[in-house]
Amino acid sequence: MPDQTHSRPTVASVEKRTDAIQAALEERGLKAGEFIEQAEHLVEEKWIPENGARVVAKAWTDPAFKQRLLANGRDAVAELGLTMPPHHRHLVVLENAPKVQNVICCTLCSCTAFTIIGLPPDWYKDLEYRARVVRQSRTVLKEMGLDLPPEVEIRVWDTTADTRYMVLPVRPPHTEGWSEEQLAKIVTKDAMIGVARLQGT
Ligand code: FE
């Protein structure tokens with residue numbers, strides 16, 4: 001028997017392999033470094049949950065905006081200067097209520113309305129979450145710290161390439177009279193995915 005361990009070619013580290021790919025692209029005039037810098041800028045500065053938080057705060061304080069948001073999310077967020085990639089053809093905004101909890105997932109992979117609510121958390125991409133939130137939503141939410149009473153209906157929405165979702169959380173009662181800026185600060189990514197509720201709701 002040949003010694004498999006020693007006949008196997010050595011595999012370089014991920015860092016070395018990505019550096020090699022980047023060097024090969026640069027050699028051919030493709031500006032991989034520039035692209036990576038741009039992508040990092042977008043992820044860290046532009047595709048952040050603070051965008052969605054602004055949308056939620058506006059919807060809580062401006063009933064006409066909320067109606068437009070629920071009717072056509074993509075057009076409504078554009079009013080706040082927020083854009084979505086062309087292939088995110090629809091933004092469907094799901095309004096929570098005291099007895100309705102909307103939850104989003106992507107059973108196929110990891111799709112979110114990432115320009116609005118930020119990139120998906122690691123757990124959102126796990127097969128565990130993607131498979132179980134559909135069939136055992138109440139248990140999964142409980143495991144994630146959201147223990148909903150039985151009278152709360154849970155609605156799970158499966159994202160597709162062209163239809164993206166965001167959850168409009170219930171506005172906490174103690175925030176009456178708050179400004180949009182104050183309200184936006186309490187809205188979290190988890191609440192816009194629907195795996196958390198805001199304090200007091
Ligand atoms: Fe996906």
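How much area does the protein expose, and what share of it do carbon and sulfur atoms supply? In this predicted model, the exposed area comes to about 12,100 Å², of which 54% is supplied by carbon and sulfur atoms. Of the 201 residues, 37% count as buried.

The overall dimensions come next. The C-alpha trace spans about 70 × 45 × 25 Å along its principal axes. The radius of gyration of the protein is 21 Å, whereas a compact globule of 201 residues would have a value near 17 Å. The secondary structure consists of 12 helices and 4 strands. Among contacts between residues at least 6 apart in sequence, 69% join residues at least 24 apart. As for charge, the protein carries 25 positive and 28 negative charges, and the mean positions of these two sets are 5 Å apart.

The iron site draws its donors from a short stretch of sequence, with the spacing C-x2-C-S-C. Side-chain sulfur atoms are contributed by C106 (SG), C109 (SG) and C111 (SG), while S110 (N) and C111 (N) also coordinate the iron ion. C111 therefore appears twice among the donors, through N and through SG. The coordination distances run from 2.1 to 2.7 Å. Two of these cysteines may be set side by side in terms of accessibility. C109 has a relative accessibility of 36% and therefore counts as partly exposed. C111, in contrast, has a relative accessible area of 15%, under the 20% cut-off, so C111 is buried.

Strand β2 covers residues 100-105 and includes Q101. Is Q101 buried or exposed? Its relative accessible area is 0%, so Q101 is buried. Leaving out residues up to four places away in sequence, Q101 touches N96, L141, L146, L148, V152, E153, I154, R155, G194, A196 and R197.

One of these partners, G194, leads to another part of the chain. G194 lies in the segment after α12, the helix of residues 189-193. G194 also has a relative accessible area of 0% and is therefore buried. Beyond its neighbours within four places in sequence, G194 is in contact with Q101, N102, V103, L141, L146 and V167. L141 and L146 are thus contacts of Q101 and also of G194. With E50 the separation is of another kind: G194 and E50 are 144 residues apart in sequence, and their C-alpha atoms are 16 Å apart in space.

Conventions. Residues numbered from 1 in each chain as written. Predicted model: local features only at pLDDT ≥ 70, side-chain atom pairs only at ≥ 80, totals over all residues. Heavy atoms only, no water. Donors = N, O, S within 2.8 Å, 3.2 Å for Na, K, Ca; no water. Buried < 20%, exposed > 50% of the residue type's maximum accessible area, 1.4 Å probe, protein only. Helix = DSSP H or I, 4+ residues; strand = E, 2+ residues; numbered from the N terminus. Rg over C-alpha atoms; globule rule 2.2 N^0.38 Å. Contact = heavy atoms within 4.5 Å. Areas by Shrake-Rupley, 256 points an atom, 1.4 Å probe, with all protein chains shown as cover. Lys, Arg positive; Asp, Glu negative; His and termini not counted. Charge placed at Lys NZ, Arg CZ, Asp CG, Glu CD.
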